[in-house]
Every structure is written in structure tokens, then in C-alpha cells.
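Biologist: I would like to take a close look at a single part of this structure and go through it slowly. Could you show me the model before I ask about that part?

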Amino acid sequence: MTDYEQTVVIRPSDECGDTESGLLFQKAAAALRGGELVAFPTETVYGLGANAFLDDAVAEIYRVKGRPQDNPLIVHLSALEDLHRVAVGVSGTALKLFQKFSPGPLTLILRRHPHVPSRVSAGRDTVAVRFPAHPLARKLISMAGVPVVAPSANLSGKPSPTRAWHVLADLEHKVPYIIDGGPCRVGLESTVLDLSGEQAAILRPGAVTAEMIEKELGVHVLGAGIPLKDSETPKAPGMKYRHYAPRAKVVILPVELTENAPFWEQMAGREGKIGLFLNSQLSSEIRSKLFQLQIVHPDLLIELFDHGAEGAAAGLFDFFRRMDEAGCSAVFVQSERESGEGAAYMNRLRKAASDETLPG
Ligand code: TXA
Ligand code: MG
């Protein structure tokens with residue numbers, strides 16, 4: 001199978017005209033259309049794109065990522081007019097939601113058009129569809145002229161990529177082109193909403209929250225709160241796999257840090273490098289506590305995030321990757337409240353942490 005001598009990283013300039021990067025971008029779009037894989041930025045995470053109508057290209061996605069065959073893919077479109085090419089019997093509710101939240105981080109589960117290879121949906125008669133908002137994603141898809149399947153552009157089991165270098169680290173020589181659009185604004189994967197049942201249900205929480213969907217539809221939306229047992233078949237199969245996790249052990253800290261909590265001892269007693277991911281709104285007591293900790297533990301890497309849950313979400317996967325690069329044995333990550341985007345952030349954090357939560 002293809003291994004590329006070189007993976008070309010394209011950094012598009014403002015006008016993708018006749019500049020070198022503009023021409024490379026056109027080549028990448030043509031390669032995508034022709035059946036090759038191209039990684040590209042979206043507002044959520046980087047995607048690994050393939051022509052959704054070519055069964056071989058879709059198969060190649062599973063191979064390159066090492067993705068389990070039972071985990072279906074999301075079809076990405078650049079224009080609402082193309083929806084009928086991939087889905088049938090689209091309800092008024094679905095259209096209403098797309099009109100409100102697209103382009104943006106919302107994926108809807110619809111009925112699959114027979115022209116879409118069943119491999120896209122891992123044999124299901126449904127298909128997941130989203131309209132990414134990132135201008136480079138939209139441009140690539142419209143230039144390719146075909147619907148594009150795109151899972152997150154990481155190797156299966158690794159955190160989703162939110163910077164071009166994350167993609168390069170996982171997929172160098174495995175794909176011909178990576179389009180570099182800088183850091184992803186949202187930083188967590190799209191909300192996946194299933195409209196096929198009696199009640200709308202969130203299969204994966206994201207930046208379009210249950211509250212936002214409820215407000216638009218005026219009906220209750222089932223949340224994604226209940227974890228599945230191993231024996232159960234989840235509706236979004238992707239959610240059952242270990243995900244988002246760095247090599248370092250992930251420990252969840254509470255929303256409110258207190259001075260006398262046991263985790264300070266735990267951190268101080270850890271061997272080797274450890275990483276800390278904390279909300280920048282720290283009290284002076286906690287600041288001085290951190291200062292003391294740095295004295296006894298010089299290998300401490302502290303990273304502060306701004307803007308609450310939104311900032312935490314935007315930085316989490318990059319933090320995981322950098323702490324792994326730095327050789328951390330453990331990372332301690334602060335919780336955010338579950339409201340709004342906090343729900344998606346906590347969902348990813350719990351998946352990464354294998355249940356280690358420390359009391360405040
Ligand atoms: O933000 C995103 O959605 C990113 C960017 C690249 O667009 N893509 C992404 O794709 O996160 P992936 O493949 O990593 O996750 C797709 C999720 C999985 O949990 C999968 O099980 C679920 O969507 N899914 C896809 N098709 C489905 C279907 N027909 N029925 C139920 N769940 C589906
Ligand atoms: Mg993924």
C-alpha cells in the first residue's frame with residue numbers, strides 16, 4: 001500500500017490564486033477527488049479526508065488510521081444543496097438545525113443515500129453529515145467537487161489533532177498532503193445528534209450544546225451522560241473506544257482547587273515530569289501553593305488556560321500531545337462546570353482519564 005516519500009504541508013496564503021501554495025492547494029483538491037487522502041483543518045479538529053463516493057478511498061481511511069471497521073465516518077459537505085447527494089428523506093427538523101448551526105460543529109445522523117458506499121457508515125442505513133465552518137475546509141471540499149468523509153486525522157487511539165504538527169506526527173509519509181490552517185478554534189470534535197429515534201439524542205457532546213438544540217427545537221433532547229457498559233452496542237460506535245488519551249496518566253482535578261486538598265501531596269510525590277492544566281483564574285492562595293510545589297518539584301510543567309471551558313476545550317488535546325513530547329509520566333487537569341461547552345470538555349477529559357478523579 002502507498003507510502004509517500006514526502007508529505008507536503010500546504011500553508012495557504014490569503015488568496016489561493018496562482019501562488020505556489022494556491023497551486024498546491026488545487027493539486028490537493030484534485031488528489032482528494034481522485035481517491036487520495038488529504039488532511040485539512042476544520043473549526044473542531046483536523047480531518048483526514050477521502051472522496052466519500054469511492055469505496056477504495058474510504059477503505060484506505062480505515063487502514064491508515066488503524067480504525068476499527070465498525071466505526072462509521074462523517075460525510076462533510078460545503079453547501080446545503082449537496083445534502084440530497086448523500087442523504088434521503090431529510091426531515092424539516094434536520095433542515096432547521098442545519099440552517100441554524102451550519103456551517104459549524106454539528107453532525108446529524110440521517111438516512112443514507114444508496115450512492116454512498118455502505119462502508120462509510122460501517123454497514124448502517126444511516127449517514128452522519130456535517131458542514132464544517134473553516135474556510136479552508138469549505139474551499140477544499142467545494143474544489144474537490146465531491147462529498148468528503150473525514151474522521152479526525154489522528155491514529156486511532158491518539159488524541160484528535162488540533163494543530164497541523166499533530167497530524168504530521170501521526171501521518172507523515174501516510175498521506176500526500178496536509179493543509180495547515182493553524183490551531184483549531186473549537187478544539188473538540190463536533191456534536192453528533194441522532195434524529196432517527198422518537199426523541200432527538202446527543203451521541204457525542206460538542207460545541208453545539210443540548211441547551212442550544214433544545215432552544216431551537218422546543219423539545220427535550222436526550223444527553224450523552226450515561227456511559228455504556230462494554231457489552232452494550234453504542235449508537236455512535238466511536239464513543240466506545242478508548243480515545244483522546246495521551247501516553248501520560250491523566251488525573252482529573254476538581255473545578256474548585258482548595259489549598260489543603262490531597263492532590264497537592266500526590267503531585268509533589270510523583271517521580272519525573274508532570275504536567276498541570278489549570279484555569280488561569282487562580283486565587284492568590286493557590287498561586288502560592290503552586291509556587292511551593294515548583295520548588296519541591298522542579299519538573300513541573302504548568303499551563304494556564306483562559307476563557308473557562310471554551311479555552312480549556314481549545315487547548316486540551318494540544319496540551320496532551322505536548323506533555324507526551326516532553327516525556328511527562330502524568331498530567332493533572334482541572335475540571336470545568338458541565339454547562340455549555342463544559343459538557344463536551346468533561347466528556348473528553350473523563351474518557352482520557354480512565355476514571356481517576358481526585359476530591360477537592
Ligand atoms: O468534528 C468532527 O466531527 C471531526 C471533524 C474532522 O469534522 N470528525 C470526527 O470524526 O470527529 P470521527 O470519525 O473521529 O468521529 C465520528 C463519530 C464517531 O463517534 C462515530 O461513531 C459517529 O461519529 N458516527 C459516524 N457515523 C455514524 C452513524 N451513521 N451513526 C452513528 N454514529 C455515527
Ligand atoms: Mg476521531
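In which kind of crossing, left-handed or right-handed, does helix 10 pass helix 11?

Modeller: Please keep in mind that this is a predicted model. Helix 10 passes helix 11 in a left-handed crossing. Two packed helices are described by the angle between their axes and by the distance between those axes. Here, helix 10, covering residues 308-325, packs against helix 11, covering residues 342-353, at an angle of about 25 degrees, and their axes are 8 Å apart. Because angles under 35 degrees count as roughly parallel, helix 10 is described as roughly parallel to helix 11.

Looking at the contact itself, we find A309, A312, A313, L316, F317 and F320 on the side of helix 10, where they meet G342, Y345, R348, L349 and A352 of helix 11. Sorted by character, the residues of this contact comprise nine nonpolar, one polar and one charged.

Helix 10 also takes part in aromatic pairing, through F319, which forms a stacked pair with F277, with 4.7 Å from centre to centre and 25 degrees between the planes. Since F277 lies in strand 13 (residues 274-279) and F319 in helix 10, this pair ties together parts that are 42 residues apart in sequence. Both F277 and F319 are buried. The rings of F319 and F320 have centres 6.4 Å apart and planes at 45 degrees, so this pair counts as tilted, and F320, like F319, is buried. Finally, F277, F305, F317, F319 and F320 together form one aromatic cluster.

Terms used: Residues are numbered from 1 along each chain as its sequence is written. Chains are lettered from A and ligands numbered from 1 in the order in which they are written. This is a predicted model: local features need pLDDT of at least 70, side-chain atom pairs count only at pLDDT 80 or more; totals for chains, interfaces and linings use all residues. Side-chain values use heavy atoms; hydrogens and water are left out. Axes are lines fitted to C-alpha atoms, for helices over the stretch in contact, and angles run from 0 to 180 degrees between N-to-C directions. Helices (H or I, at least four residues) and strands (E, at least two) are DSSP runs, numbered from the N terminus. Angles under 35 degrees count as roughly parallel, over 145 as roughly antiparallel, 65 to 115 as roughly perpendicular and the rest as oblique. A crossing is left-handed if the near helix is turned anticlockwise from the far one by less than a right angle, and right-handed if clockwise. Contact means heavy atoms within 4.5 Å. Ala, Val, Leu, Ile, Met, Phe, Trp, Tyr, Cys and Pro count as nonpolar, Asp, Glu, Lys and Arg as charged, and the others, Gly among them, as polar. Rings of Phe, Tyr and Trp (its six-membered ring) pair if their centres lie within 6.5 Å; planes under 30 degrees apart count as stacked, over 60 as edge-to-face and the rest as tilted. Buried means under 20% relative accessible area, exposed over 50%, partly exposed in between (1.4 Å probe, protein chains only).
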